[in-house]
Amino acid sequence: MNVTFDLLVNAIVSGVILGGFYAAAASGLTIAFGMLDIVNIAHPAFIMVGSFLAYFGWNVLGIDPFISMAAFSAAGFVFGRAFYRAYHWFFERRGDEAVQGLAFFFGILFIVEVALVLIFGVDYRFIDAPYLGPTLSLGFVVVPWRMLIPFLVALAMLGMMHSYLARTFTGRTILAVSQDVEAVRLVGADPIRSKEIAFGIATASAILAGVLLIIIQPVEPSVGREFIGRTFAICVLGGMSSLPGTLLASLLLGVAEALTATFVGPSWSPAVSFGLLLLTLAVRPAGILGR
Amino acid sequence: MSGPIALGPVSGSRPMAIRRPYWTACSIVLGVLALMAAAILLGSRISEYYYLATYTILQFVVLGTAWNILGGYAGYVNFGAAGFFAIGCYTTIAFTKLLQLPLIADVLLAAVMSGLVGLATGYVTLRLRGVFFSIATLAFAIVLQTIIVNWRFVGGSRGVYVIRPDVAYFFSSYAQFLLVLMTGLAGVAVLAALAVEKSWIGAGLAAIRDDETAAETSGVPSLRLKLIATTLSGSLMGVAGAPFPYYITYVDPSSVFNLTISVNAIAMPLVGGTGAWWGPIVGAVLLGSAQQILTVTISSAANVLFVGLLLVLFLIVAPRGVVGLVRDWRRGRP
């Protein structure tokens, strides 16, 4: 295939926009895995739940996905807190998180996927809101609204999460939990409660990312597996516990995938994130922004 | 005194006195021979379905035992069992296309190939925290699937048909031959796990599982032991997959890189209990036969859901599996 300038610029633009969405998908994992040390393999399954909730909301209840996403992520927040309580009670408290806890999340990932298959089937589902159809053309660069709106929503969400963690007391205790649990206790905060709230935020962000995903592209339950590699690759590449790092890594991965899909072939793009992950683990496990 | 004090294991010395489990090994060999004899004597008197069902359970005995060598003994969770299984499977396909080797030779080649991949994966990730190994195994399975999907020679995404050769020697059907072969392989896997568990390797791996830093400080060569475990574990997973093309006769990437295989490989040792060599056997027989029954009576989607639910249930209620329950019961007995 000959490399034309138009094709290259379009691939980079769509990669950046895709990367913004990836940041939304991976930010929850950065909190759970990077900050709380909870290896939530089921994070992509929660993203799928978000997608199918939005599908259900649009096609059955007739609610616009941009309105329903607020309610769904609020529900995700409550669910995430309860889920963390259960996880803490059964695994963290016993000191079983290394093998049993990891297998538990893997089991949850699997159960959610099979349950979604049983409920919604294996067909691709999508949302056909009329305002998502048109495209925005700036010269020879073409961007569909279907991609652009989720990109903006993702950036807004990331900005909110970042300022919550940096500005509020609870947010700062969440950041502190990843560094020194005793110090969190000394300033009068309950580390378990901080972790609970943080996991709630992580789950809410996964649900929101799921709503964005089904706006961007058709979704079937096993699509979540592609996001295991993507989200973990982004999380590690971004330096584990930094949201700006997550955004940077997401944009990098988005561009790398778009270039691969355009110039090598779409069937190779799943390997990009995983290859990048293996490479990062082997060469620079601290990530690009790591200390 | 001459020379510095040697840190690390001195050759010839063993960290602890270990009783050799000769009787256990003998009874495993006897059990394998009895199962083989039963399969041969029954011949075509029973439906071929029973051979294939038993084959599936034994295949999971191999997979679960292989997973347990790393996951149970050393505490390193491998999510990519399907990837290693697929290496075995595609080794058979590639070498059948190239050389038309007998299946036994394919099994040995599969053991070498997946063992090497296991060693490489371990070498890349085991210097890091244990969880990175888990994520890397997940990543590795997807990278491998992408390569296979794009590799025309072994069928690519469309898959490939494998023709079973004629039945040889005294076997009445090819299914019977496959069952006898898998019985032997299961025996080899279980004996390997027993040898690891009862030797200094197992003692070292247990020390790594409990506290890796403490183990290293007391002279356990942790990286070397972990590499031995990943190589052996990967190799046995490949062995489990090597006869699979002849079992299923049509192989495509989505049936080999199936998440169900990875989940089963984890669920069976954890349900059976990771602490002892017989845990994965119990788990495989329990979960394997339950899945066969559910597939026949309800649906294959239901059996997949069942594995996941049982795994989560056991992790919450009995985190040490059946092995743990039995040990608690023995301890509590007056």
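Colleague: In this predicted model, which residue meets the side chain of Glu92(A) in a salt bridge?
Modeller: Glu92(A) belongs to helix H3 of chain A and its partner to helix H8 of chain A, so the pair ties together parts that are 103 residues apart in sequence. Both residues of the pair are buried. The N to O distance is 3.1 Å, within the 4 Å that a salt bridge allows, and the partner of Glu92(A) is Lys195(A).

Colleague: Which residue forms a salt bridge with Arg81(A), and how far apart in sequence are the parts that this pair ties together?
Modeller: The closest N and O atoms are 2.9 Å apart, and the partner of Arg81(A) is Glu196(A). Arg81(A) lies in helix H3 (residues 65-92) of chain A, whereas Glu196(A) lies in helix H8 (residues 191-216) of chain A, so the parts that they tie together are separated in sequence by 115 residues.

Colleague: Is Glu196(A) buried or exposed?
Modeller: Its salt-bridge partner Arg81(A) has a relative accessible area of 24% and is partly exposed. For Glu196(A) the relative accessibility is 8%, and because buried means under 20%, Glu196(A) counts as buried.

Colleague: Which helix holds both Arg185(A) and Glu182(A)?
Modeller: The side chains of Arg185(A) and Glu182(A) meet in a salt bridge, with 2.9 Å from N to O. Arg185(A) is partly exposed, at 45% relative accessibility. The two residues are 3 residues apart, which separates them by about one helical turn, and the helix in question is H7 (residues 181-186) of chain A.

Colleague: Which residues are joined into one network by salt bridges that share partners, and how many salt bridges does the structure hold over all chains?
Modeller: Side chains of opposite charge can pair when their charged atoms come close. Where salt bridges share partners, they join Arg81(A), Arg85(A) and Glu196(A) into one network. Counted over all chains, the salt bridges of the structure number 11.

Colleague: How many helices and strands does chain A have, and what radius of gyration?
Modeller: Read from the N terminus, the elements of chain A follow the order α-α-α-α-β-β-α-α-α-α-α-α-α, which corresponds to 11 helices and 2 strands. The globule rule gives 19 Å for 291 residues, and chain A comes close to that value, so it is as compact as a globular protein of that length, with a radius of gyration of 19 Å.

Colleague: What share of the residues in chain A is buried?
Modeller: Taken along the principal axes, the C-alpha atoms of chain A fill a box of roughly 60 × 45 × 35 Å. Among the contacts of chain A with a separation of 6 or more, 78% are between residues 24 or more positions apart. The accessible surface of chain A is about 11,600 Å², with 68% of it belonging to carbon and sulfur atoms. Of the 291 residues in chain A, the buried share is 54%.

Colleague: Is Thr92(B) buried or exposed?
Modeller: Thr92(B) has its place in helix H3 (residues 81-99) of chain B. Leaving aside residues up to four places away in sequence, Thr92(B) touches Leu103(B), Asp106(B), Ala242(B), Pro245(B) and Tyr246(B). With a relative accessible area of 1%, Thr92(B) is buried.

Colleague: How far apart in space, C-alpha to C-alpha, are Val307(B) and Asn264(B)?
Modeller: Val307(B) sits in helix H14 (residues 300-317) of chain B and is buried, with a relative accessible area of 1%. Not counting residues up to four places away in sequence, Val307(B) touches Val263(B), Asn264(B), Ala267(B) and Gln291(B). Although Val307(B) and Asn264(B) are 43 residues apart in sequence, their C-alpha atoms are separated in space by 7.1 Å.

Colleague: What radius of gyration does chain B have?
Modeller: Chain B has 15 helices and 2 strands, and its C-alpha trace spans about 70 × 55 × 40 Å along the principal axes. Of its 334 residues, 55% count as buried. A compact globule with 334 residues would have a radius of gyration near 20 Å, which agrees with the value for chain B, 20 Å.

Colleague: How far apart are the mean positions of the positive and negative charges of chain B?
Modeller: In chain A, with 15 positive and 16 negative side chains, the centres of the two sets lie 7 Å apart. Chain B has 19 positive and 10 negative charges, and the distance between their mean positions is 4 Å.

Definitions and conventions: Residues are numbered from 1 along each chain as its sequence is written. Chains are lettered from A and ligands numbered from 1 in the order in which they are written. This is a predicted model: local features need pLDDT of at least 70, side-chain atom pairs count only at pLDDT 80 or more; totals for chains, interfaces and linings use all residues. Side-chain values use heavy atoms; hydrogens and water are left out. Helices (H or I, at least four residues) and strands (E, at least two) are DSSP runs, numbered from the N terminus. Buried means under 20% relative accessible area, exposed over 50%, partly exposed in between (1.4 Å probe, protein chains only). The radius of gyration is taken over C-alpha atoms; the globule rule is 2.2 Å times the number of residues to the power 0.38. Contact means heavy atoms within 4.5 Å. Accessible areas come from the Shrake-Rupley method with a 1.4 Å probe; for residues, only the protein chains shown count as cover. Lys and Arg count as positive and Asp and Glu as negative; His and the chain ends are not counted. The place of a charge is taken as NZ of Lys, CZ of Arg, CG of Asp or CD of Glu.
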